[in-house]
Amino acid sequence: MTWTSLSADRLSCWFAPLRLRLARLGRRQSRFHHASEISQILLNLMQDLQQHRALSGAVLDGRTEFNSELEATELKLQRFLHALVDYYGNRHPIFHSAQWRIVLGRWESLRNNWRDLDFHTNITVHSEVVLGVVGILQSLANSHCDDLTQARARIIGRWPILIEQLGMLRALGLHALCHQNLLEDARLTGAIADYLRDARQSLEEVEGDTRSMVVVRSQRALRRVAWLMDGNAAKYHPYTYYEEVTAVIDDWYGLLRSRIRADVDTQATGQQLATN
């Protein structure tokens, strides 16, 4: 029997299962791409919120050298949120959730009032916004575990916790360097010690997910924080500390994005929103 002698009906029967599998694969790829894209958008937001927290704390401490970077970060955040709502507001149910509305409401209140807050209140309110985004990322990872694969869902659920602990060490350590007499403040030193302990534990837990050099750089950064708190703060400039810890945090974001990216274009979409 030749191909030309086969009836159209028989060919259709042969190829129907293949078409079905390809259609299912296409839908799964589409869901994966969408979940990956939303995850990265939320990571961009979290990164900018953390940076705003550290910079605003430094400005409240009277460090004017952080003013221009703070203004740029705040403007970027506002443009990003407006673009996100316009572009994604009707494309994913997570942006209709109570979690998302709480994050937006808290940020709007904070954006308009943070300059009237004391340092610790400012840090606390910022952290509520950041942790709100972390919670949304975890919800997304849980609800789209099959679409993302379990490995991706696991790191989306776990790595932001470590990144937030590093972010708090950046903000609190910068505060300590801006006012070195505060190193005698048990409230501040106790908080830094707690975040150091938690970050070390989180680093051990995520180390199995990656053998990247970012783990080594993170360990080095945590040792530096401990060294600073051990009576060496006078040897370190606040801006140098900010840049060094920020570099480690940015490395984690870069690695996480690369691990969950569906394709090259996904990262470009997030960056386009951030720069519009």
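**Close-up views of salt bridges, helix packing and cysteines**

**View 1. The salt bridge between lysine 76 and aspartate 48.** Lysine 76 has a relative accessibility of 34% and counts as partly exposed, where buried means under 20% relative accessible area, exposed over 50% and partly exposed in between, computed with a 1.4 Å probe on protein chains only. This is a predicted model, in which local features need pLDDT of at least 70 and side-chain atom pairs count only at pLDDT 80 or more, while totals for chains, interfaces and linings use all residues. Residues are numbered from 1 along each chain as its sequence is written, and side-chain values use heavy atoms, with hydrogens and water left out. Aspartate 48 is joined to lysine 76 by a salt bridge whose closest N and O atoms lie 3.5 Å apart, the criterion being a side-chain nitrogen of Lys or Arg within 4 Å of a carboxyl oxygen of Asp or Glu. The pair links distant parts of the chain, since aspartate 48 belongs to helix α1 (residues 8-60) and lysine 76 to helix α2 (residues 67-88), 28 residues apart; helices (H or I, at least four residues) and strands (E, at least two) are DSSP runs numbered from the N terminus. Unlike its partly exposed partner, aspartate 48 counts as buried, at 5% relative accessibility.

**View 2. The salt bridge between glutamate 65 and arginine 63.** The side chains of these two residues meet in a salt bridge with an N to O distance of 2.8 Å. Glutamate 65 is partly exposed, with a relative accessible area of 33%, and arginine 63 is likewise partly exposed, with 22%.

**View 3. A salt bridge within helix α3, and a network elsewhere.** Glutamate 108 and arginine 111 form a salt bridge between their side chains, at 3.0 Å from N to O. Because they are 3 residues apart in helix α3 (residues 98-113), glutamate 108 and arginine 111 are separated by about one helical turn. Glutamate 108 has a relative accessible area of 31% and is partly exposed, and arginine 111, at 25% relative accessibility, also counts as partly exposed. Asp194, Arg197 and Asp198 are joined into one network by salt bridges that share partners. A search of the whole structure finds 8 salt bridges.

**View 4. The packing of helix α4 against helix α6.** Helix α4 (residues 119-143) and helix α6 (residues 150-178) pack at an angle of about 170°, with their axes 9 Å apart, the axes being lines fitted to C-alpha atoms over the stretch in contact and the angles running from 0 to 180 degrees between N-to-C directions. Helix α4 is therefore roughly antiparallel to α6, a term that applies to angles over 145 degrees. Among the residues that meet, with contact meaning heavy atoms within 4.5 Å, are Phe119, Ile123, Val130 and Leu137 in α4 and Ile156, Pro160, Met168 and Leu172 in α6. The residues of this contact divide into 14 nonpolar, 5 polar and 1 charged, where Ala, Val, Leu, Ile, Met, Phe, Trp, Tyr, Cys and Pro count as nonpolar, Asp, Glu, Lys and Arg as charged, and the others, Gly among them, as polar.

**View 5. Cysteine 145 and cysteine 178.** Cysteine 145 is partly exposed at 23% relative accessibility, whereas cysteine 178, at 13%, counts as buried. The count of disulfides comes to 0, a disulfide being a pair of cysteine sulfur atoms within 2.5 Å.

**View 6. The protein chain as a setting for these views.** The protein chain holds 10 helices and 0 strands, and of its 276 residues 47% count as buried. Of the contacts in the protein chain with a separation of 6 or more, 77% are accounted for by residues 24 or more positions apart.

How values were computed: Angles under 35 degrees count as roughly parallel, over 145 as roughly antiparallel, 65 to 115 as roughly perpendicular and the rest as oblique.
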